[in-house]
Amino acid sequence: MFSSREEGRGPAAPSGLVSVVRLPQSWFILCSSRELGRKPLARMLQGMPLVLFRNEAGKPAALVDRCPHRNVPLSMGRVVGGQLQCGYHGWRFDTTGQCRAIPGLIGEPGAKSRCASWHAAREQDGFVWVYSTPGVEPTSEPYRFPLLDAHGYSTVRRVLRAKGSLHALLENTLDVPHTSFLHGGLFRTEKKKNEIEVVVRRGADRVEAEYIGEPRPEGLAARLLAPGGGVVQHFDRFLLPSIAQVEYRLGDDSHVIITSAMTPADDWDTVVYAVVTFRIPLPHWLVKPFITPVALHIFGQDARILERQTETIRRFGSETFASTEVDVLGPPILRLLRQAEREKVATSAEVQETRLKMQV
């Protein structure tokens, strides 16, 4: 659990709120590569203000966005010689938060009390990732998006934002039952006419649902991505700490992977870095212009319902969860998040499998 007294760690998650978590030792995207240029960039991660900048070699760095001298945001400063200079008194900090220069001071600037708190940073797949635990070398590397350079595939990227907890957005992204109602006509319809089998596989750091025997849905989005129809191979996956992935296959020609890397800016504000990679039997240049508006419309519907959900939770000051077996992934996702928060992620490679029936 985080302590509010530890610089860079942020306050503990509020009591009484079941789904709110703060994850240590985890990688999160804080911006795209092109967003981080010559100027410092302010960002939030799990309620903690951070500042990103590039050193002389162009590598990204992340510090807590507070000068240890007089509490001014370092993001108000500028980058000088690959170091971040505070805009108030000109103190300069390197990528590990070490104070390297204090204008007017005769002597060495680098006393421990003058250093800024730092977080490890990586640049990968066109994104800048930051490690959530400050002042340590990471025990893992960031997630790699699949098939970005694969022959015959195209990719569309978007950055989205919604008022909801990390768990709420993860569950929403991977929740099949709501698509018939909230997105009726785009994915599925309210009429349940197909009984399918669902295989749920739970591992140490992930949970996956495979939907077996579903004909291609009749909604607009499904017809666009799979115009030939057929039976869908459909997988929904959650991977710690915050990856939601939806995968569809129809035969040998149609393959779509929607990967969403989610970053909790704070308890009720989540940024979604969505990467859609696809291969379909239509000219990609023809399909790309239609994917974005349809996807944004769907996300807009989700964002509105998530905001209302969040408002209700905050109005009552607590959450309720009454689940059934068709709430396939929400409960196991929450268990994995809670384990990660307590740093008790299972180490066993054994995968547990359960099966159930569902109507879609």
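In this predicted model, the element that gives the most to the lining of the largest pocket is α3, with six residues. That pocket encloses about 700 Å³ of space, and its lining is made up of 28 residues, among which Ala-168, Glu-171, Gln-309, Thr-320 and Phe-321 lie nearest the centre. Besides α3, which spans 284–316, the elements that give two or more residues to this lining are α1 (166–173) and α4 (330–341). Sorted by class, the lining residues of the largest pocket comprise twelve that are nonpolar, eleven that are polar and five that are charged.

Two of these helices, α1 and α4, also pack against one another. Two packed helices are described by the angle between their axes and by the distance between those axes. For α1 and α4, the axes come within 10 Å and cross at roughly 145°, and the crossing is right-handed. On the α1 side, the contact is formed by Leu-166, His-167, Leu-170 and Glu-171, which meet Gly-330, Ile-333, Leu-334 and Leu-337 of α4. This contact of α1 with α4 consists, by class, of five nonpolar residues, two polar ones and one charged one. Glu-171 thus appears in two settings, as a residue that meets α4 and as one of those nearest the centre of the largest pocket.

Leu-166 of α1, which takes part in the contact with α4, also belongs to the lining of the second largest cavity, together with Ser-19, Val-20, Val-21, Arg-22, Gln-46, Ser-165, Pro-264, Asp-266 and Asp-267. This second largest cavity holds about 70 Å³ of space, and its lining divides into four nonpolar, three polar and three charged residues. Over the whole structure, a search finds four cavities of 30 Å³ or more.

A further open space is the second largest pocket, whose volume is about 480 Å³. Its lining is formed by 22 residues, and those closest to its centre are Gln-25, Ser-26, Ser-140, Leu-240 and Pro-241. In the lining of the second largest pocket, 14 residues are nonpolar, four are polar and four are charged.

These local features can be placed against the protein as a whole, whose secondary structure comes to four helices and 19 strands. Of its 360 residues, 51% count as buried, and among the contacts between residues at least 6 apart in sequence, 60% join residues that are at least 24 apart.

Note on methods:
Residues numbered from 1 in each chain as written. Predicted model: local features only at pLDDT ≥ 70, side-chain atom pairs only at ≥ 80, totals over all residues. Heavy atoms only, no water. 1 Å grid on protein atoms, 1.4 Å probe; cavity = no way out; pocket = protein on both sides within 12 Å on 5 of 7 lines; lining within 4 Å. Points joined across faces, edges and corners; volume = space filled by probe spheres on them. Nonpolar A, V, L, I, M, F, W, Y, C, P; charged D, E, K, R; others polar. Axes fitted to C-alpha atoms, helices over the stretch in contact; angles between N-to-C directions. Left-handed = near helix turned anticlockwise from the far one by under 90°. Contact = heavy atoms within 4.5 Å. Buried < 20%, exposed > 50% of the residue type's maximum accessible area, 1.4 Å probe, protein only.
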